[in-house]
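Here are my comments on the model you sent round. I have kept them to numbered points, so that you can check each one against the coordinates.

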Amino acid sequence: MSREQMIHEATMEIMREVGVRIHNEKAVEILTKNGIKVENNTAFFTEEQVMHWVKMAPESFTLYARNPKYDTIVGGDHINPVPTYGCAFIDDWDGNRRSGTIEDYVKCLKLVHAEENYTVDGGIMIQPGDIPQETAAMAMFYATLLNSDKAIMLPTGFKEEMKAILEASCEVFGGKEAMVEKPRMIALINTVSPLALDERMLDCLMLLAEYGQPAILCPATMLGATGSLSMAGTIASGIAEDLAGIV
C-alpha cells in the first residue's frame, strides 16, 4: 500500500467512525435527505458516499474575467498564481506593524492588477480594520470591481454579505443563469479543525453553490495543536474536513 493510499484509508476511517461536525441546520438537512447519517450534528460518511459526491466535481473549469484575456482555467495541469490571503497587519519599510486599512487593500488590488502573471485579483489580501466587520467583505468586493477587470477572488463574510455580493454580481454579469453558465468568482471556505465546519462558512458555501460559483475548501489543521502530532494524522484529518465540505 502506498503512503497516499494509507492516508486515504485513514481519512475514510475518520469520516466513517469519528465523523465531522456540521454546525449548520440547512447543511444537516441536506446531508440527511441524501442518506448520510447525522447524530447530534456529527455526520458520518461511507467511502461510497464520499466518492459518489466528490466525482461530481469537474476536473477543471474556467473562471471568466470581465477582460477575456484574464480568463483562468482551474484544474488539470494549470497553475495559477493568486494574491496572498488573510493578512491582518501591514509592516512598513522600517518594521513598524499596524492594522490594515481599505486604502492598503486598494493599493494591493492595483499592484496585483498591474502584474501580468496574475489573472485573478481580490480576496482578503489585507483585512481592512477601518471597515466594520459586518460590511468588510462587501467593501473589498466593491473595491475589486472598481480597480481590476481580472477574474475575482471573493472575500467570505457573513451570510447576508455573501448574498448581497452574489445578487450584486448578477446585476454586473447578466443575471443568475449567466453567472451559473460562466462562473466569475471563486472563494475560500475554511474548515474548523479538528473535524468541524461552522455555520458561517457553510452558509457561504451553499450560497456559492446556489449561484454556480466555485469554492476552495481549505483545511487549516495545525500539526500537534488542532491536528495529530504526526504529519500523516494531521493530513488525514484535514482531508476528512475538506471532503466533508465538498460532499
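How much space lies in the second largest pocket? The answer is about 250 Å³. Please keep in mind throughout that this is a predicted model.

1. The second largest pocket. Its lining has 15 residues. Nearest the centre are Y85, I124, Q127, T156 and R200. Three elements each give two or more residues to this lining: α5 (133-147), β10 (185-190) and α8. The largest share comes from α5, with four residues. By class, seven lining residues are nonpolar, six are polar and two are charged.

2. The largest pocket. Its volume is about 960 Å³. The lining counts 35 residues, and L205, A209, L217, G245 and I246 are the closest to the centre. Nonpolar residues number 27 in this lining, beside five polar and three charged ones.

3. Who builds the largest pocket? Which elements each supply at least two residues of its lining? On the helix side they are α2 (25-33), α3 (47-54), α8 (199-210) and α9 (231-246). On the strand side they are β4 (60-63), β5 (72-75) and β12 (215-218). The largest share, six residues, is from α8. Note that α8 also gives two or more residues to the lining of the second largest pocket.

4. The parallel sheet. Four strands make an open sheet, in the order β8-β9-β10-β12. Their pairing is parallel. At the edges are β8 (120-122) and β12, and each of them pairs on one side only. From one strand to the next, the twist averages 30°. Inside this sheet, β9 (residues 151-154) pairs with β10 over three bridges, in the parallel sense. To find the register, start from L154, which stands opposite A187 in β10. Two of these strands also appear in the pocket linings: β12 in that of the largest pocket, and β10 in that of the second largest.

5. The mixed sheet. A further open sheet has four strands, in the order β2-β3-β1-β11. Here the pairing is mixed. Why is one side of β2 and of β11 left without a neighbour in the sheet? Both β2 (37-39) and β11 (196-197) stand at the edges with a single partner strand each, so one side of each has no neighbour in the sheet. Strands β1 (residues 20-22) and β3 (residues 42-44) pair over two bridges, in the antiparallel sense. V20 is placed opposite A43 in β3.

6. Rings and charges. How many aromatic pairs are there? The count is zero. Two rings do have a charged residue over the face. R200 lies over the face of F158, at 4.0 Å from the ring centre. K176 lies over the face of Y211, at 4.5 Å from the ring centre. R200 is worth a second look in the viewer, as one of the residues nearest the centre of the second largest pocket.

7. Backbone points to check. Most residues other than glycine have a negative phi, and most peptide bonds are trans. Two places here call for a look. The peptide bond from S193 to P194 is cis, with omega near 5°. P194 belongs to the loop between β10 and β11. N40 has a positive phi, near 50°, although this residue is not glycine. The place of N40 is the loop between β2 and β3.

Terms used: Residues are numbered from 1 along each chain as its sequence is written. This is a predicted model: local features need pLDDT of at least 70, side-chain atom pairs count only at pLDDT 80 or more; totals for chains, interfaces and linings use all residues. Side-chain values use heavy atoms; hydrogens and water are left out. On a 1 Å grid over the protein atoms alone, a cavity is a set of points where a 1.4 Å probe fits but cannot get out, and a pocket is an open set with protein on both sides within 12 Å along at least five of seven lines; lining residues have an atom within 4 Å of a point. Grid points are joined across faces, edges and corners, and a volume is the space filled by probe spheres set on the points. Ala, Val, Leu, Ile, Met, Phe, Trp, Tyr, Cys and Pro count as nonpolar, Asp, Glu, Lys and Arg as charged, and the others, Gly among them, as polar. Rings of Phe, Tyr and Trp (its six-membered ring) pair if their centres lie within 6.5 Å; planes under 30 degrees apart count as stacked, over 60 as edge-to-face and the rest as tilted. A charge sits over a ring if NZ of Lys or CZ of Arg is within 6 Å of the ring centre and within 35 degrees of the ring normal. Two strands pair if DSSP finds at least two bridges between them. Axes are lines fitted to C-alpha atoms, for helices over the stretch in contact, and angles run from 0 to 180 degrees between N-to-C directions.
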